[in-house]
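Me: Please take a close look at one buried position in this protein, and then work outward from there to the strands, the sheets and the remaining local features. A connected account would serve better than a list.

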Amino acid sequence: MALLMSLFFLCIISSSLTSYSQASSSTPYLDGLLANGNFELGPEASNIQKTVIIGKYSLPKWEISGLVEYVSGGPQPGGFYFAIPRGAHAARLGNEASISQVVDVKVGSTYSLTFSATRTCAQDEVLRVSASGKSGDLPIQTLYSTDGGDTYAFAFMATYRRVKVVFHNPGVQEDPACGPLLDAIAIKEMVPLRYTEGNLVKNGGFEIGPHVFKNFSTGVLLLPKIHDIVSPLPGWIIESLKPAKYIDSKHFQVPEGLVAIELVGGRETAIAQIIRTIPNKLYRLSFTIGDAKNACHGSMMVEAFAAKETLKVKYESTGKGGFKTASFEFEAISNRTRLTFYSAFYHTKVNDYGHFCGPVLDDVKVFPVRH
């Protein structure tokens, strides 16, 4: 009897594991807009009063709560102007309002949300992003692009097969309609990291990262770890108070491959990676810096740190593209070595002092020194 019971439970466990495996394998690889992620499908005329959406499920593919407006780009009543560079429509979240959508994912995989978010009237607007039990508050009062095109990434690890993605305005403003503007929302599954032969740095070319919008991009702002514990740039830590920017070769000039990192916050933007090393062994760190051909100008300097060594690399930018490679040797002092990069100065575009920018970093490599 005991043997029969044991076989019975083994069959149940085997069946459950098979079902789980089939469910995981049937979940497609995600890299693109969420369902109606650009909000071009609007509410029925009967479910909207002026711009306010009426009804929990009136915005196609989304669930809403509180005062959510369906707005168009361009001049608005009251002298406002809504920049919606990736389409004609967007969602605005009023006081304590939210929009959410359930997404099928693979348990254990890391995903990154890419979304365009801009404050509309209040100086202290905040956008709270939640997924898979994790949340982060984005202080969006700093505008990094003057055309309303700020785009952010938020990463999470899937703990369930179905994840509810929520965008929430936790603020309470005098004008209940004030709140963040959401223009486009995409998701991307991060592929597992692998070492490049001989290079101790993972993802040193930054080729694995969040989704980048193809039709319009000012780069993707990667949140510091204080706002997003799971890094949207696998292998790397955004250590600073300000975000780093993930830029692509279609919209910017990058030294190598398809993407690179722009250090847009001066000394307040730093990225780091901890690599495995052997104490007392010599290593060589090499990397490439330059400008993104985006009119970012001035005397740039990137500072690099490894073990007890530091290198300051200068680059004179006219904002028209270009790059240089630098390297230095360091002696490991433990079995883990932290590599850190940051921009020594603050920069803006030549004719747009409200548009923050900075030096580009790419192609980071560490090799053992052989004598």
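Reply: Thr-114 is buried, since its relative accessible area is 0% and the cut-off for a buried residue is under 20%. The model in which this value was computed is a predicted one. Thr-114 belongs to strand 10, which covers residues 110-118. A spatial neighbour of Thr-114 comes from elsewhere in the sequence: Ala-186 is 72 residues away along the chain, yet the two C-alpha atoms are 5.1 Å apart.

From this position one may turn to the sheets. One open sheet contains 5 strands in the order 4-9-14-11-12, paired in the antiparallel sense. Its edges are strand 4 (63-65) and strand 12; each has a single partner strand, so one side of each lacks a neighbour in the sheet. From one strand to the next, the twist averages 20°.

At one end of that order, strand 11 (residues 126-131) and strand 12 (residues 134-139) run antiparallel and are joined by 6 bridges. Two of the residue pairs can be named. Leu-127 has Leu-138 of strand 12 as its bridge partner, and Val-129 has Gly-136 of strand 12 as its bridge partner.

The turn of this hairpin deserves separate attention. Strand 11 and strand 12 have 2 residues between them, and in this hairpin Ser-132 adopts a positive phi near 55°. Ser-132 is a residue other than glycine with a positive phi, and its place is in the loop between the two strands, 11 and 12. With a relative accessible area of 12%, Ser-132 is buried, because a value under 20% falls in that class.

Another open sheet, also with antiparallel pairing, has 5 strands in the order 17-20-25-22-23. Here strand 17 (237-238) and strand 23 are the edge strands; each pairs with a single strand, so one side of each is left without a neighbour in the sheet. At the strand 17 edge, the antiparallel pairing with strand 20 (residues 270-276) extends over 2 bridges. Within that pairing, Ile-238 has Ile-271 of strand 20 as its bridge partner.

At the other edge, strand 22 and strand 23 (residues 309-317) pair in the antiparallel sense through 9 bridges. One of the facing pairs is Val-302 with Val-313, the latter in strand 23. The hairpin of strand 22 and strand 23 has 2 residues between the strands, and Ala-307 takes a positive phi near 55° in this hairpin.

Positive phi also occurs at Asn-203, a residue other than glycine whose phi is near 55°. Asn-203 lies in the loop between strand 15 (181-189) and strand 16 (220-222). With a relative accessible area of 9%, Asn-203 counts as buried.

A covalent link comes next. The whole structure contains 1 disulfide, formed by Cys-296 and Cys-357 with an S to S distance of 2.1 Å. The two cysteines connect distant parts of the chain, 61 residues apart: Cys-296 sits in the loop between strand 21 (282-291) and strand 22 (298-306), whereas Cys-357 is in strand 27 (residues 352-357). The disulfide is right-handed, because the torsion about its S-S bond is about 85°. Cys-296 is buried, with 0% relative accessible area, and Cys-357 is also buried, with 1% relative accessibility.

The account can close with the largest pocket, which holds about 300 Å³ of space. It is lined by 14 residues, of which Lys-188, Val-212, Asp-248, Leu-258 and Val-259 are the closest to the pocket centre. By residue class, the lining of the largest pocket comprises 6 nonpolar, 2 polar and 6 charged residues.

Definitions and conventions:
Residues are numbered from 1 along each chain as its sequence is written. This is a predicted model: local features need pLDDT of at least 70, side-chain atom pairs count only at pLDDT 80 or more; totals for chains, interfaces and linings use all residues. Side-chain values use heavy atoms; hydrogens and water are left out. Two strands pair if DSSP finds at least two bridges between them. Helices (H or I, at least four residues) and strands (E, at least two) are DSSP runs, numbered from the N terminus. On a 1 Å grid over the protein atoms alone, a cavity is a set of points where a 1.4 Å probe fits but cannot get out, and a pocket is an open set with protein on both sides within 12 Å along at least five of seven lines; lining residues have an atom within 4 Å of a point. Grid points are joined across faces, edges and corners, and a volume is the space filled by probe spheres set on the points. Ala, Val, Leu, Ile, Met, Phe, Trp, Tyr, Cys and Pro count as nonpolar, Asp, Glu, Lys and Arg as charged, and the others, Gly among them, as polar. A disulfide is a pair of cysteine sulfur atoms within 2.5 Å. Buried means under 20% relative accessible area, exposed over 50%, partly exposed in between (1.4 Å probe, protein chains only). Axes are lines fitted to C-alpha atoms, for helices over the stretch in contact, and angles run from 0 to 180 degrees between N-to-C directions.
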